[in-house]
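Student: I've got a new structure open and I'd like to learn how to read it. Can we go through it together, question by question?
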Amino acid sequence: MSETCPHLEYREEGDGRSFDVARAFCTVTGSFVQPMRADVCNARHGLDPTTDCEFYVAPDGGTAER
C-alpha cells in the first residue's frame, strides 16, 4: 500500500483551539498527530500505514496483518 491512510484527516480546529494551518488528525486514536507520524499516514519516505503504524485499522474494521 502506498496510499494515504484512510483514517487521516486535516483539521483547522480541535481540542478547544483553532489553527492557522490544518493539522493532521488520526480518527482511530482520536488525536492530532505529530508531523513525523503524519509522514507514516501520508506514506512518505517509503513508509506504509498498514505496516508502519501501530494504530492502523483496516477500513473493513479488522486490523492489518503485520
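Student: How many aromatic pairs does the structure hold?
Tutor: Keep in mind that we're looking at a predicted model. Ring centres have to lie within 6.5 Å to pair. Going by that cut-off, the count for this structure is two aromatic pairs.

Student: What is the angle between the planes of phenylalanine 19 and phenylalanine 32?
Tutor: These two rings sit 5.3 Å apart, centre to centre. Planes over 60 degrees apart count as edge-to-face, and that's the label this pair gets. The angle between the planes is 80°.

Student: Why does that pair tie together separate parts of the chain, and how many residues apart are they?
Tutor: Look at where each ring comes from: phenylalanine 19 lies in strand 2, while phenylalanine 32 lies in strand 3. Since the partners belong to those two strands, the pair links parts of the sequence that are apart by 13 residues.

Student: And the other pair, phenylalanine 25 with phenylalanine 32: how far is it centre to centre?
Tutor: This one is edge-to-face too, with 75° between the planes. Its centre-to-centre distance is 5.1 Å.

Student: Which residues form the aromatic cluster?
Tutor: Phenylalanine 32 pairs with phenylalanine 19, and phenylalanine 32 also pairs with phenylalanine 25. Join the pairs up and you get one cluster: Phe19, Phe25 and Phe32.

Student: Is phenylalanine 25 buried or exposed?
Tutor: Buried means under 20% relative accessible area. Phenylalanine 19 makes that cut at 10%. Phenylalanine 25 has a value of 9%, so it is buried.

Student: Which residue has its charged end over the ring of phenylalanine 25?
Tutor: Check above the ring for a charged group. You'll find one 3.6 Å from the ring's centre. It belongs to arginine 11.

Student: Let's zoom out. In what order do the elements of the chain run?
Tutor: The chain has two helices and three strands. Start at the N terminus and walk along, and the elements come out as β-β-β-α-α.

Student: Which strands stand at the edges of the sheet?
Tutor: The sheet is open, its three strands are in the order 1-2-3, and the pairing is antiparallel. An edge strand has a single partner, so one of its sides has no neighbour in the sheet. That describes strand 1 (8–14) and strand 3 (31–32).

Student: How many bridges join strand 1 to strand 2?
Tutor: The two strands run antiparallel, with strand 2 covering residues 17–26. You can spot facing residues, including leucine 8 opposite cysteine 26 and tyrosine 10 opposite alanine 24. The number of bridges is six.

Student: Which residue takes a positive phi in the hairpin of strand 1 and strand 2?
Tutor: The hairpin has two residues between its strands. The one we want is exposed, at 68% relative accessibility. Its phi is near 55°, a positive value in a residue other than glycine, and the residue is aspartate 15.

Student: Where does histidine 45 lie?
Tutor: Histidine 45 also has a positive phi near 55°. With a relative accessible area of 69%, it's exposed. Its place is the loop between helix 1 and helix 2.

Student: Which element gives the largest share of the largest nonpolar core?
Tutor: That core has eleven residues in all, among them Leu8, Cys26, Val40 and Tyr56. The elements giving two or more residues are strand 2 and helix 1 (35–41). Three residues make up the largest share, and they come from helix 1.

Student: How far apart are the C-alpha atoms of tyrosine 56 and valine 28?
Tutor: Tyrosine 56 sits in the segment after helix 2 (49–52), and at 7% relative accessibility it counts as buried. Along the chain, tyrosine 56 and valine 28 are 28 residues apart. In space, their C-alpha atoms are separated by 7.4 Å.

Student: Last one: what percentage of the residues count as buried?
Tutor: On the outside, the chain exposes about 4,600 Å², with carbon and sulfur atoms supplying 47% of that. For burial, we go through the 66 residues of the chain and pick those that count as buried. The share is 33%.

Methods: Residues are numbered from 1 along each chain as its sequence is written. This is a predicted model: local features need pLDDT of at least 70, side-chain atom pairs count only at pLDDT 80 or more; totals for chains, interfaces and linings use all residues. Side-chain values use heavy atoms; hydrogens and water are left out. Two strands pair if DSSP finds at least two bridges between them. Helices (H or I, at least four residues) and strands (E, at least two) are DSSP runs, numbered from the N terminus. Rings of Phe, Tyr and Trp (its six-membered ring) pair if their centres lie within 6.5 Å; planes under 30 degrees apart count as stacked, over 60 as edge-to-face and the rest as tilted. Buried means under 20% relative accessible area, exposed over 50%, partly exposed in between (1.4 Å probe, protein chains only). A charge sits over a ring if NZ of Lys or CZ of Arg is within 6 Å of the ring centre and within 35 degrees of the ring normal. Accessible areas come from the Shrake-Rupley method with a 1.4 Å probe; for residues, only the protein chains shown count as cover. A nonpolar core is a set of buried Ala, Val, Leu, Ile, Met, Phe, Trp, Tyr and Cys residues joined through side-chain atoms within 4.5 Å.
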